[in-house]
Amino acid sequence: MPSQMIDFPTPDGTADAFLAFPEGGGSHPGVLLYMDAIGLRPVLREMAEQLSAHGYCVLVPNVFYRAGRAPVLEIPDLTNAESRETFVSRVIPLLTEHTPQRAFSDAQAYLDFLTARPEVRPGPVGAVGYCMGATLALRTAATHPGQVAAVAGFHPASLATDAPDSPHLLAPKVSAEVHFGIAEHDESMPPEAVARLSAALDAAGVRNICEVYPGTVHGFTMADTAVFNQAGLDRHWDRLLDLLARTLTVG
């Protein structure tokens, strides 16, 4: 699939991102794909290209662009569980710095850039996220309800907590259809959190599915890590493609 690294302006500087779009020219529905905490790297570029092969123009921004171009941190061999855990601990400061206010500001810049691309047709877009990206996708949909028609989040973290800015509290502002694919074994999304998230979406009238993927742990879609689960990845593609086909127009 045609693809490229690209830079574009934001209120806080210049963001680098990966852009993938179908072959053959023309315009296509846009999808904003939010990275996991590990960052923009080959496996996410490959996933974006795979999604673009189904008829979507996909933008994957480096969410941590304020700290540098991707990869912001040197990424070790993530198939080694110990290396992965050590690396994730180094990412925590970047996560802490990425406040909801930054997320809201960035979402506007990302959507403005994506929808202005000649490869993107007018109309609603999808927001997809992995790990922390699921939160960013939900925040994007809540602040742009007329623009985001689909939200998908896989192995999301801490979507429903007691915090006053917990993402699930944004449910009344969401008009998109939502699918969350939740790891069966994930301390950040225990069964009570899944129930709280589902209840908030239901109460707000949001069409949603909060599905627990059996036999998976947090990060299961990422083929470059020790927690990768092929069955979970396959289920993720089934759910994601079905959601986008229902909510976005593919010509």
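This is a short chat between a visitor and a guide about a predicted model.

Visitor: Let's start with the sheet. What makes β1 and β8 the edge strands?

Guide: Picture eight strands in an open sheet, in the order β1-β2-β4-β3-β5-β6-β7-β8, with mixed pairing. β1 (3-10) and β8 each pair on one side only, and that puts them at the edges. On average, neighbouring strands in this sheet are turned by 20° against each other, direction ignored.

Visitor: How do you know that β6 and β7 pair?

Guide: Two strands pair if there are at least two bridges between them. β6 and β7 are joined by five bridges, so they count as a pair, and they run parallel. One of the links goes from alanine 150 to glutamate 177 in β7.

Visitor: And what about β5 and β6, how many bridges do they have?

Guide: Six, again in the parallel sense. Here glycine 126 stands opposite alanine 150 in β6.

Visitor: Which strand pairs with β7 over seven bridges?

Guide: That's β8 (residues 208-217), also parallel. Isoleucine 182 has valine 212 in β8 as its bridge partner. Add helix α5 (residues 191-203), and β7, α5 and β8 make a right-handed β-α-β unit.

Visitor: Why is proline 122 called exposed?

Guide: Exposed means over 50% relative accessible area. Proline 122 has 80% relative accessibility, so the label fits. Look for proline 122 in the loop between α3 and β5. Its C-alpha is separated by 34 Å from that of valine 212, which is 90 residues apart from it along the chain.

Visitor: Is cysteine 131 buried or exposed, and how do you know?

Guide: The cut-off for buried is under 20%. Cysteine 131 has 12% relative accessibility, so it counts as buried. Cysteine 131 lies in the loop between β5 and α4. Its phi is near 55°, a positive value in a residue other than glycine.

Visitor: Why does serine 158 get the label "partly exposed"?

Guide: Partly exposed lies between the 20% and 50% cut-offs. Serine 158 has a relative accessible area of 36%, so it belongs there. Look for serine 158 in the loop between β6 and β7. Serine 158 also has a positive phi, about 55°, although it is not a glycine.

Visitor: What makes you say that α4 is mostly covered?

Guide: Of its 12 residues, 11 are buried. Among them are Met132, Gly133, Leu136 and Arg139. The cover includes β3 (30-34), α2 (81-97), α3 (100-116), β5 (125-130), β6 (148-154) and β7 (177-185).

Visitor: How does the reach of α4 compare with the expected span?

Guide: From first C-alpha to last, α4 (residues 132-143) reaches 17 Å, close to the 16 Å expected at 1.5 Å a residue.

Visitor: Which residues have the most contacts inside the largest nonpolar core?

Guide: They are Leu44, Leu51, Tyr130, Phe180 and Leu240, in a core of 86 residues. α4 gives the largest share of this core, seven residues. Leaving aside neighbours within four places in sequence, leucine 44 touches residues including Leu33, Tyr130 and Met222.

Visitor: Which strands does helix α1 lie across?

Guide: Helix α1 (residues 42-52) lies across β1, β2 (13-20), β3, β4 (57-61) and β5, at about 55° to β2. As for α3, it lies across β1, β3, β4, β5 and β6, at about 145° to β3.

Visitor: Where is the cis peptide bond?

Guide: It joins alanine 70 and proline 71, with omega about -5°. Proline 71 is in the loop between β4 and α2.

Conventions:
Residues numbered from 1 in each chain as written. Predicted model: local features only at pLDDT ≥ 70, side-chain atom pairs only at ≥ 80, totals over all residues. Heavy atoms only, no water. Helix = DSSP H or I, 4+ residues; strand = E, 2+ residues; numbered from the N terminus. Expected span 1.5 Å × (residues − 1). Buried < 20%, exposed > 50% of the residue type's maximum accessible area, 1.4 Å probe, protein only. Contact = heavy atoms within 4.5 Å. Right-handed = clockwise from strand over helix to strand, strands pointing away. Core = buried A, V, L, I, M, F, W, Y, C linked by side-chain atoms within 4.5 Å. Axes fitted to C-alpha atoms, helices over the stretch in contact; angles between N-to-C directions.
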